[in-house]
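Open the model in your viewer and keep the sequence panel beside it. The stops below are meant to be selected in turn.

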Amino acid sequence: MSGLRMRAARAMDCRCTLTSHLFAHSVSRHFDYEGEEAFRRAHAAYLRSLGPAAAAALVAELDAEARRRARLEPDARARIAAIAAGWAPARPELYALEPRWLDARFAQLAERARALTSAGAPSDALAALEPLGLRQLGGAFAPVYELPVLSAHFCAALCAELRLFQASGLPQGRPNSMNRLGLLLAELGFAPLLDELVAAYVRPLAALLFPHAGGASLDSHRAFTVQYRPGADEALAPHYDNAELTLNVCIGSAREDGGGGAGFEGGELVFGGLNGGGGAPAARLAVEHGIGRAVLHLGAHMHQALPVTHGERINLVIWCRSEAHRRAHGCPLCGRTDQLLLGAAEPADAAVGAPAAAVSDEQVAEFMRG
């Protein structure tokens, strides 16, 4: 492994994850929730507008989500024990990083980024990375980078392995409060692969491309897959991530006819402004997916996933976190430093279900107009 050891399950998080930013699928909105009585007082007018039945359903949904979050750590420990006892990987070699699992250009990008950072990050650093497949999308204030990460062979093999696990009958935790389809990879035993991927490859690039956002001090991660298809999770509402930086890699699915490209239509990622504003550009930026290719962006960069209209899209999402950056600048969701928690002391384990950040109705409206 390269550099400081990653901590897949002992990441720094915040107490706000227990009561803030609860996503209600029934109305596609985030809410703070500190019990039914307080919620009904705070949202009396909105609940009246829904009508009694819909209001009761919303409260029940939020109460269930609050109880799920309160049990994240013990539920995760129970799942991990059950998986360890009952899961026999079909492809054990997939659980540790091998050079052949990567797009060769990704390794070259990481190596060149190290050299450029050592040279003082010259102003033409980006131009030195572009021949290796990295593209900057959007403006310099809130850039989004597209880059090659994983080989097509590894993407196909990983999707096949995960489908076998999903059919095993073993317990499966939700990726997060918004996505219902997908898997928490650390619980399946992928922590060694993810540790090496972030420490040896993502962090050198992040140090060069996002030095102001803790890129050089990334020390933990939370990785999960998400699946989008018509009739299930088709899209994702605007949100921010509980991460300093997010790496989002498209890993499937392959076309049924064996041809090139992706076996889905739609599902583009759309980016807006930054959490808290701060002069972020108003124009929206849409990014299409390609198998093995990724986008690397600030966790605070508001984004959404447009509906998948045909087929299925599967992505590997890695929320990359920095304890040092959080201690200095606060939680990416609430901005506070006095509620930060680490590791086993966390009431909501960062490795098993921290939420995406809430977005106000006004922010969503502005985002959609852009």
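The tour goes from confidence to the sheet, its helices and one loop residue.

This is a predicted model, in which local features need pLDDT of at least 70, side-chain atom pairs count only at pLDDT 80 or more, and totals for chains, interfaces and linings use all residues. Residues are numbered from 1 along each chain as its sequence is written, and side-chain values use heavy atoms, with hydrogens and water left out.

Colour by pLDDT, the predictor's confidence in each residue, from 0 to 100. The protein averages 84, and 84% of the residues score at least 70. Select 254-261: pLDDT is below 50 here, and the stretch has 6 contacts (heavy atoms within 4.5 Å) beyond near neighbours in sequence. Residues 344-370 are also below 50 in pLDDT, with 90 such contacts. Where pLDDT is low, the predicted coordinates should not be read in detail.

Next, select the open sheet: 6 strands in the order β4-β5-β12-β8-β15-β6, with antiparallel pairing (at least two DSSP bridges between two strands). Its edge strands are β4 (135-137) and β6 (220-228). Strands β8 (245-252) and β12 (293-298) are joined by 5 bridges; in β12, Val 295 is the bridge partner of Asn 248.

Add helix α10 (191-209), which lies across β5, β6, β8, β12 and β15. Helix α6 (104-118) lies across β5 and β12.

Finish at Asn 179, in the loop between α8 (152-166) and α9 (185-188). Is Asn 179 buried or exposed? Asn 179 counts as buried (under 20% relative accessible area, 1.4 Å probe, protein chains only), because its relative accessibility is 3%. Among the residues that Asn 179 touches are Arg 174 and Asp 233.

Conventions
Helix = DSSP H or I, 4+ residues; strand = E, 2+ residues; numbered from the N terminus. Buried < 20%, exposed > 50% of the residue type's maximum accessible area, 1.4 Å probe, protein only. Axes fitted to C-alpha atoms, helices over the stretch in contact; angles between N-to-C directions. Lists of a residue's contacts leave out its neighbours within four places in sequence.
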